[in-house]
Amino acid sequence: MRLSILTLTAIATLFVAADASAQTYDPRYPVCMHVYTPGGGFGGGGGDYFDCSFTSLPQCRATASGRSASCDVNPYYAFDQPPPRRRHKKQQ
């Protein structure tokens, strides 16, 4: 009896657990553009999103020009990491 109650509790916990959302920022690029989409009203919901595919602020600002968007430094970009070391194969 205890085993069935524990099993049902475990299954219920798995169904109740919330899905993890995807990471908003792409850590491969140093600059992100936050695009603001219009929303409101009865049927629209809007849906701001981030486009992290820029290598510099001027590049992002040129793309954001004329749009409802702003450019920011990507908080998840690893600025201080050294480039990965190259591994050399031993010759035999």
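This is a short guided tour of a predicted model, going from its sheet to its core and then to a few single residues.

**The sheet.** Begin by selecting the three strands, which form an open sheet in the order S2-S1-S3 with antiparallel pairing. Strands of a sheet pair through backbone hydrogen bonds, either parallel or antiparallel. Look next at the edges, where strand S2 (49–54) and strand S3 (69–73) stand; each has a single partner strand, so one side of each is left without a neighbour in the sheet. If you turn the view, keep in mind that neighbouring strands of this sheet are turned by 30 degrees against each other on average, with direction ignored.

Now select residues 31–35, which are strand S1, and follow the four bridges through which S1 and S2 pair in the antiparallel sense. One place to look is Val-35, whose bridge partner in S2 is Tyr-49.

**The core.** Select Val-31, Met-33, Val-35, Phe-54, Cys-60, Ala-64 and Cys-71 together, and you have the seven residues of the largest nonpolar core. Two elements, S1 and helix H2 (57–64), give two or more residues to this core, and S1 gives the most, with three. Staying with Val-31, display its surroundings: leaving aside neighbours within four places in sequence, Val-31 is in contact with a list of residues that includes Asp-51, Phe-54, Leu-57, Cys-60 and Asp-72.

**A histidine in S1.** Is His-34, the next residue to select, buried or exposed? His-34 is found in strand S1, and its relative accessible area is 14%, which is under the 20% limit, so His-34 counts as buried. Its side chain is joined to that of Tyr-36 by a polar contact of 3.3 Å. Not counting residues up to four places away in sequence, His-34 also touches Asp-48, Tyr-49, Phe-50, Ser-68, Ala-69 and Ser-70.

**Both ends of H2.** Move to Ser-56, which caps the N-terminal end of H2, with a side-chain oxygen lying 3.2 Å from the backbone nitrogen of Gln-59. Then go to Gly-66, just after H2, where the backbone takes a positive phi of about 85 degrees.

**A salt bridge.** Finish by selecting Asp-26 and Arg-28, which form a salt bridge whose closest N and O atoms are 2.8 Å apart; the count of salt bridges comes to one. Colour Arg-28 by accessibility if your viewer allows this: Arg-28 counts as exposed because its relative accessibility is 62%, and the limit for that word is over 50%.

Definitions and conventions. Residues numbered from 1 in each chain as written. Predicted model: local features only at pLDDT ≥ 70, side-chain atom pairs only at ≥ 80, totals over all residues. Heavy atoms only, no water. Pairing = 2+ DSSP bridges. Axes fitted to C-alpha atoms, helices over the stretch in contact; angles between N-to-C directions. Core = buried A, V, L, I, M, F, W, Y, C linked by side-chain atoms within 4.5 Å. Buried < 20%, exposed > 50% of the residue type's maximum accessible area, 1.4 Å probe, protein only. Contact = heavy atoms within 4.5 Å. Salt bridge = Lys/Arg side-chain N within 4 Å of Asp/Glu carboxyl O. Polar contact = N/O pair within 3.5 Å; in protein donor to acceptor, adjacent residues only side chain to side chain.
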